[in-house]
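Hi,

Here is the structure I promised to pass on. Have a look at it first, and then read my notes below.

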Amino acid sequence: RQYDDRILLPLLKKKLSQITGNRLLRHLRHCAVRYHCLAAKNLFLGRWECPLPVSPACNADCLGCLSLQPEDRFQASHERLDFVPTLDEIVEIAVPHLEQAREAVVSFGQGCEGEPLLQAELIERAIVAIRAGTSRGTLHLNTNGSRPDAIARLADAGLDSVRVSLNSARAEAYTPYYRPRTYAFSDVRASLEVAAAKGLFTSLNYLVFPGVTDRV
């Protein structure tokens, strides 16, 4: 009911005519039209959460990854971002959305990318630049929580909110699914502690597996 493409498509064409040459905007158009990503549609509908994917790489090899799967496994549900956007490309989308959208949020870390903390320096610069343009709205990060040091830096730069993905609160169940490459479950715990200590609105994206995640 909230996502009628008869309303979306004219607004999408209008924004693409207003902002030209922005690869990130074209990527989000693809997500909105081909994959019907609700967050991508929000950008063009001028409301709520606007996605800002930034990282084509990841430091985990999750069994159920949505955007990248090896040939001998099931097909990924959609394509992953294949470039790193520039600071200008991010700010050009983020500031107008935060200024104009109702209940405005911009969020790094989307299903169409790898791990955003691998681009922590870019996100830090983007946060500073966005806040130089507007104080409105919420700056949010979806992450696997693999780099507590980066979480701290982003909080200091002006991040408002963080959501960490988990499939279990136990390392012995977490590790075989996430298959982390450059971090451990202890880093995820540390990231949550840092986020809370820094005063970020902190939540969990808890992947539910009956018989596992509902056990004490």
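Before we start, a strand here is a DSSP run of E with at least two residues, and strands are numbered from the N terminus. Also keep in mind that this is a predicted model.

Let's begin with the backbone. Trp48 is found in strand E1, which covers residues 47-51. Its phi is near 55°, a positive value in a residue other than glycine. That's worth a second look, as most residues other than glycine have a negative phi. Is Trp48 buried or exposed? Neither label fits: buried would need under 20% relative accessible area and exposed over 50%, so at 22% Trp48 counts as partly exposed.

Glu103 also has a positive phi, about 50°, although it is not a glycine. You'll find Glu103 in strand E2, residues 102-108. With 63% relative accessibility, over the 50% cut-off, Glu103 counts as exposed.

Now for the inside. In soluble globular proteins, nonpolar side chains tend to be buried together. The largest nonpolar core in this model has 53 residues, and those with the most contacts inside it are Leu52, Ile90, Ile93, Phe108 and Leu141. Helix H5 (residues 120-133) gives the most to this core, with six residues.

Try clicking on Phe108. What does Phe108 touch, leaving out residues up to four places away in sequence? Its contacts include Leu52, Ile90 and Leu141, which were named above among the residues with the most contacts inside the core. Phe108 also touches Glu113, His140 and Asn142, among others.

Helix H6 (residues 148-157) is a good next stop. Its buried residues are Pro148, Ala150, Ile151, Ala152, Leu154 and Ala155. What do they pack against? The partners are H5, strand E3 (138-143), strand E4 (161-166) and helix H8 (185-197). Just after H6, Gly158 takes a positive phi of about 130°.

Last, the empty space. How many cavities of 30 Å³ or more are there? The count comes to one, and the volume of the largest cavity is about 30 Å³. Its lining is made up of Lys15, Ile19, Leu43, Glu92, Ile93, Pro96 and His97. By class, that gives four nonpolar, one polar and two charged residues. Helix H4 (residues 87-100) supplies the largest share of this lining, four residues. Ile93 turns up twice in these notes: it lines the cavity, and it is one of the residues with the most contacts inside the core.

Cheers

Methods. Residues are numbered from 1 along each chain as its sequence is written. This is a predicted model: local features need pLDDT of at least 70, side-chain atom pairs count only at pLDDT 80 or more; totals for chains, interfaces and linings use all residues. Side-chain values use heavy atoms; hydrogens and water are left out. On a 1 Å grid over the protein atoms alone, a cavity is a set of points where a 1.4 Å probe fits but cannot get out, and a pocket is an open set with protein on both sides within 12 Å along at least five of seven lines; lining residues have an atom within 4 Å of a point. Grid points are joined across faces, edges and corners, and a volume is the space filled by probe spheres set on the points. Ala, Val, Leu, Ile, Met, Phe, Trp, Tyr, Cys and Pro count as nonpolar, Asp, Glu, Lys and Arg as charged, and the others, Gly among them, as polar. Buried means under 20% relative accessible area, exposed over 50%, partly exposed in between (1.4 Å probe, protein chains only). A nonpolar core is a set of buried Ala, Val, Leu, Ile, Met, Phe, Trp, Tyr and Cys residues joined through side-chain atoms within 4.5 Å. Contact means heavy atoms within 4.5 Å.
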